[in-house]
Amino acid sequence: MSDLPCTERLRFRRLTMADVDALVDLDSDPEVMRFLSGGVATPLATVRDEQLPRLLAQYERHPGLGRWAALDRGTGDFLGWFALDPSADGTEAELGYRLRRSTWGLGLATEGSRALVRYAFDTVGVRRVWAETMTINERSRRVMAKAGLGYLRTFHLQWDDPIPGTEHGEVEYELRAEEWAAAQERPAARRAR
């Protein structure tokens, strides 16, 4: 399960400790962090000493799942990351993505998400892929829908330091393995006619 998918424009690879600066730079853009922290950057020490070591440990615990650097397939430039973060037992994965603002509007989030959804079901064999975002994050919600996930619910969490829009809640989208399989069979059935 080590063969990560590629897309027309993206290549994925495992994160390494050498990615600290790129990840800190990504999280330093207030617009990138708008729906995550209200625009507050993630401190270097948090990325280096907490987040990245935790993410690297997931690769061994749940083969085939985790978070990966997203690179421009032509130039090799770091564009951000995509994730299939594993559930505790590794049977489900949370789809995630965070890309440099300079790439927004180019369809890369949808392209990468579709590839990872396919990979999650066809290669890893998870039973469910799901994703969450703030209700007001329309761009991310469109990516989830274009990747094949369907709206499941709106819910409200209690935050110590709520950011603007928190009052509208969070949304969860999902796609289950049986729905994925049925969607893959439909085009084959049409071609057979």
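This report describes the sheet, the helices packed on it and the nonpolar core of one predicted chain.

**Basis and confidence**

The model is predicted: local features need pLDDT of at least 70, side-chain atom pairs count only at pLDDT 80 or more, and totals for chains, interfaces and linings use all residues. Residues are numbered from 1 along each chain as its sequence is written, and side-chain values use heavy atoms, with hydrogens and water left out. pLDDT is the predictor's confidence in each residue, from 0 to 100. Its mean over the chain is 91, and 95% of residues reach 70 or more. Among the elements, α4 has the highest mean pLDDT (97) and helix α6 (residues 177-192) the lowest (79). Elements are DSSP runs numbered from the N terminus: helices are H or I with at least four residues, strands are E with at least two.

**The sheet**

Seven strands form an open sheet with mixed pairing, in the order β1-β2-β3-β4-β5-β7-β6. Two strands pair if DSSP finds at least two bridges between them. The edges are β1 (10-14) and β6, each with a single partner strand, so one side of each lacks a neighbour in the sheet. Neighbouring strands are turned by 30 degrees against each other on average, direction ignored.

The pairings from β1 to β4 are set out below.

| Pair | Sense | Bridges | Opposed residues |
|---|---|---|---|
| β1 and β2 | antiparallel | five | F12 and A70 |
| β2 and β3 | antiparallel | six | A70 and G80 |
| β3 and β4 | antiparallel | seven | P86 and A93 |

Two hairpins link these strands. The hairpin of β2 and β3 has five residues between the strands, and G76 takes a positive phi near 80 degrees there. The hairpin of β3 and β4 also has five residues between the strands; in it, G90 has a positive phi near 75 degrees. Nine of the nine residues of β3 are buried (under 20% relative accessible area; exposed is over 50%, partly exposed in between; 1.4 Å probe, protein chains only). Strand β3 is therefore largely enclosed by the rest of the structure.

**Helices**

Axes are lines fitted to C-alpha atoms, for helices over the stretch in contact; angles run from 0 to 180 degrees between N-to-C directions. Contact means heavy atoms within 4.5 Å. Helix α3 (residues 44-61) packs on the sheet and touches β1, β2 and β3 (78-86). The direction of α3 makes about 110 degrees with that of β2. Helix α5 (residues 138-146) also packs on the sheet, touching β4 (92-99), β5 (128-134), β6 and β7. Its direction makes about 165 degrees with that of β5.

Helix α4 (residues 108-124) has 17 residues. It spans 22 Å from first C-alpha to last, close to the 24 Å expected (1.5 Å times one less than the number of residues). Of its 17 residues, 13 are buried, so α4 is largely enclosed by the rest of the structure. Just after α4, G125 has a positive phi of about 85 degrees.

**Core and loop**

A nonpolar core is a set of buried Ala, Val, Leu, Ile, Met, Phe, Trp, Tyr and Cys residues joined through side-chain atoms within 4.5 Å. The largest has 49 residues; L84, L95, V117, V129 and L149 touch the most other members. Helix α4 gives the most to this core, with eight residues. Among the contacts of V129 are L84, L95, V117 and L149, not counting residues up to four places away in sequence.

T166 lies in the loop between β6 (150-155) and β7 (170-176). T166 is buried, at 13% relative accessible area. With the same sequence exclusion, up to four places, T166 touches M134, H156 and W159.
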